[in-house]
Amino acid sequence: MDLPVDEWKSYILQKWSLLPKSIQVTISTAKTLNDLFLHSSLLLQPEDEMFLKRLSGGYLVGKDPDASLFYREKGNKKFQEKDYMGATVLYSKGVSHSGPNSTDISLCYANRSAALFHLGQYETCLKDIVRAQTHGYPERLQPKLLLRKAECLVTLGRPQEASQTISDLESNFAAKPTVSASQFQILQRTLCRVKVKVQEKKNLPEIFPEALTKTFEGVDLREENEQIPCASSSVSLHIDPLKGRYLVATKDILPGELLVKEDAFVSVLNPGEMPPRPHGLENKWDIQVTSGDLHCHRCLRRTLAPVPCDGCSYAKYCSQECMQQAWDRYHSVECSLGALLLTLGVFCHVALRSALLARFEDVDEVIEKLCGEMSKQGICLPESEDPAQILKYDLRGEGEKKDEAVVTPIPGCDINGKYERNYNAVFHLLPHTENHSPEHKFLCALSVSALCRQLEAAGLQAFTTDLKPTKLKAAETPVLCAELNVWGVAMLRHMLQLQCNAQAITTIQHTGSKENLITDTQQVRLATAVFPVLSLLNHSCSPNISVSFIGTIATIRALQLIRRGQEIFHCYVLAKRGLSAGPHESRMGVAERRQKLRSQYFFDCNCPPCERERQRPSAGPGREAFRCHCCRALLQGDDVLSCGGPACMESVSRDLLVSRLQDLQRQVGAAQKRLRNGRLELATQLLLECQSDAKSFLSADHSVVGEIEDTLAQAYAALGDWEKSATHLQESLRVVEVHHGPSSVEMGHELFKLAQVFFNGCAIPEALTTIQKAEKVLLVHYGPWNDEIRELQKMKSCLLDLLPIPGGPKE
Ligand SMILES: [Zn+2]
Ligand SMILES: [Zn+2]
Ligand SMILES: [Zn+2]
Ligand SMILES: [Zn+2]
């Protein structure tokens, strides 16, 4: 997903392997990215472009009336089954595939408005009704739409507008009796009903939709940093030959304190798993729902009723405003390149968008900078990791300040030492050019070259049609080409930077079916972004901050007490790649973690947990251990494990245990599937078997043991046995604590579930204590403006109402 699709990757690697040795050497030893780009792009042949074109042909990114009809019919089917959510999403897909001002699009909007009406989304329903009308909704169908509009207005407490709609409707009837007799009767009856409601509402004081009064306490920075925008004054920026740039606490910081609140410089929504479809297959159109269907492609906010770009079927937005902004800033160039960008991967897309966004800053200065840095000095000088070079750079100082002891112009900062959150800052992120393999650099360079050729071929004056009148505007084609090369080098640089500097924007997805009364949450990657301030943080496998996202805004909170002078640490892969694959201390062994950091981020981690674990490499079997079937003691060893029990001689091969574990995991998976399908007794039975099997060969702290307990808790909750559910959840909680620590976000989500179970089971004192614990943990990670925290607060006030004596529980 980050990198180009496999077919293009292997095609380019093949091409590389067939290159004459001398050319390979030239490219491998290119001193600057400029040389690398120029040498590589000369090798891009028309047949390579043809191949790439064929690959992108598999993505359906254009408008297609047949697709529109297909999705609308699928949506109607869901609608009949009363699955209004499912119907809404399918109608949205229909909307995306229809051209503007067509009957198709108006029908999709109208049908979506009906589904939204059933979902109680009246405001959104009204918007869709207007959209259906502006795109030419057929006259003969108007009455139904107007009735729905009137009903929405009544429900929203706007009787005047509802009356107006009704009189429009009545004159419509009178003027054009286009509806059939039976339809007319139905409409008449509904109309009467609505009229009665309007009357009732008129007699009541006007009800306004509950005003959203957000309390921004703890959501904004207490005091903004003068040197680093978007950061709090509790941190300061430093540079060190070995560590590079990093942030340090300027005072003692308490857990939960907001340290950074930063909007992404650039972000690209992850397309989700969208395999290119071979042509001619029956099931050409995908009814799978990805995050691209449910989130705005610009602001990333969740939206049930997106509006599509007029030119393509893949870009969708929460509102007309977001669509316009995206169009003005980047989508006018990207629109026709959708399939190519899906083929070349997210990193290439982020690289292009970064370059497009750079146009909105002083273009002359940017170009000058690009040309200057690339040709004169060689591109990686100022931020090279070579300590000697950084020192030289540091000591050079600035003319008039020579008398002061040390002047450090930190890369990415302006002459006043202020770190600017702009293209300059993004440009200065490390590309680690010398660490990437020659093949990888060749792949990136050719992908960017192919993109540049497409930009050129499409006649897109992408980088010259600037907003401000500059001398570039008058530039003729040859200049465009030369300039496109400059931007090509910049995009190549971004592509290489992203491996270490891309930040995944994640979101919490609530899983579990409607029957499951307790929610399960899962962290998923929503978008890939660049945050100049967030990028200043160094890595530790045991970070002291937590990152969360609202739309494209990242917030960083202290996870623990950070003493004045201590460095602020972020766990890179944990947040950058999604939770499950992170090298966080609690999720991966030290060797695996260090390997991951070395291969992706090019450094050897020396953080305290890594040091600790390195000093006692054979610290026993660990948490994910197997146990002896005879005496229950933990087994130790590598390929053959032997029992650590005092008088036991058992030994067993690791392969055997691993395959037994895999069997167990399959069983657990099967039980979870049954649970999802509502076969609760069967699922519980199977889970209890899994539980006893797990006990016989896994340590009590094994993550699979925790998973079984958690699933059992869900099953009992679905059966309404809250007491049993709570018992199992507490077991799961114990395992989560061992793995992730008492103040981890995982612990917070698990405590939230337990609070729900106690709440539903009316165990008031237990519920109140658990709510308090959950709130404390989640507050540190997310701050007060978080759905789960607000849910907890609602539960709490509800429970306090139930308590007999004011003043709370007494002992
Ligand atoms: Zn939006
Ligand atoms: Zn478009
Ligand atoms: Zn480490
Ligand atoms: Zn034993």
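What spacing do the donors of the zinc ion (ligand 4) follow along the chain? They follow C-x2-C-x11-C-x4-C. The legends below start with an overview and then move in on single sites. The model is predicted.

**Figure 1. Overview of the protein chain, with its 30 helices and 15 strands.**
The chain has 811 residues, and 51% of them are buried. Take the contacts between residues with a separation of 6 or more: 67% of these join residues 24 or more positions apart. The accessible surface comes to about 38500 Å². Carbon and sulfur atoms hold 53% of that surface.

**Figure 2. Four cysteines around the zinc ion (ligand 4).**
The ion is coordinated by the SG atoms of Cys 628, Cys 631, Cys 643 and Cys 648, at 2.3 Å. In the chain, these donors show the spacing C-x2-C-x11-C-x4-C. Cys 628 sits in the loop between α23 (608-615) and β13 (635-636), while Cys 643 belongs to strand β14 (residues 640-643). This pair is 15 residues apart and links distant parts of the chain. The four donor atoms subtend angles of 92 to 120° at the ion, so the arrangement is tetrahedral. For reference, the ideal angle for four tetrahedral donors is 109.5 degrees. Are Cys 628 and Cys 643 buried or exposed? Cys 628 is buried, because its relative accessible area is 1%, under the 20% cut-off. Cys 643 is buried too, at 12%.

**Figure 3. Four cysteines around the zinc ion (ligand 1).**
Here the protein donors are the SG atoms of Cys 296, Cys 299, Cys 318 and Cys 322. They lie 2.3 Å from the ion. The donor residues are spaced C-x2-C-x18-C-x3-C in sequence. Cys 296 lies in the loop between α12 (291-294) and β5, and Cys 318 in the loop between β6 and α13, so the pair ties together parts that are 22 residues apart in sequence. The angles among the four donor atoms run from 104 to 114°, and the site is tetrahedral. Cys 296 is buried, at 0% relative accessibility. Cys 318 is partly exposed, because its relative accessible area is 22%, which falls between the 20% and 50% cut-offs.

**Figure 4. Helix α13 (residues 320-334) and its kink.**
How does the span of α13 compare with that of a straight helix of 15 residues, and what is the value of each? A straight one would span 21 Å, at 1.5 Å a residue. Helix α13 spans only 18 Å between its end C-alpha atoms. A kink of about 70° is centred on Asp 328. The buried residues of this helix are Cys 322, Met 323, Ala 326, Tyr 330, His 331, Val 333 and Glu 334. One of them, Cys 322, is also a donor of the zinc ion (ligand 1). Among the elements that cover the buried residues are β5 (307-308), β6 (316-317) and α14 (338-344). The cover also includes α15 (346-358) and α19 (438-457).

**Figure 5. Ser 98 and Asn 101 in the loop between α6 (84-97) and α7 (103-118).**
Which of these loop residues is buried and which is exposed? Ser 98 is buried, at 1% relative accessibility. Asn 101 is exposed, with a relative accessible area of 58%. Leaving aside neighbours within four places in sequence, Ser 98 is in contact with Lys 63, Ser 68, Asp 104, Ile 105 and Cys 108. Ser 98 and Pro 308 are 210 residues apart in sequence, yet their C-alpha atoms are 9.1 Å apart. Asn 101 has a phi near 55°, a positive value. Most residues other than glycine have a negative phi.

**Figure 6. Phe 602, with a positive phi.**
Phe 602 is found in the loop between α22 (590-601) and α23. Its phi is near 60°, and the residue is not glycine. Phe 602 is buried, because its relative accessible area is 18%, under the 20% cut-off.

**Figure 7. Pro 159 in helix α10 (residues 159-175).**
Pro 159 is buried, at 6% relative accessibility. How far is Pro 159 from Lys 195, in sequence and in space? The two are 36 residues apart in sequence and 9.5 Å apart in space, C-alpha to C-alpha.

Technical notes. Residues numbered from 1 in each chain as written. Chains lettered and ligands numbered in written order. Predicted model: local features only at pLDDT ≥ 70, side-chain atom pairs only at ≥ 80, totals over all residues. Heavy atoms only, no water. Helix = DSSP H or I, 4+ residues; strand = E, 2+ residues; numbered from the N terminus. Buried < 20%, exposed > 50% of the residue type's maximum accessible area, 1.4 Å probe, protein only. Contact = heavy atoms within 4.5 Å. Areas by Shrake-Rupley, 256 points an atom, 1.4 Å probe, with all protein chains shown as cover. Donors = N, O, S within 2.8 Å, 3.2 Å for Na, K, Ca; no water. Tetrahedral: all angles 85-135°; square planar, octahedral: opposite > 155°, others 65-115°. Expected span 1.5 Å × (residues − 1). Bend = angle between axes of the 7 residues up to and from the residue.
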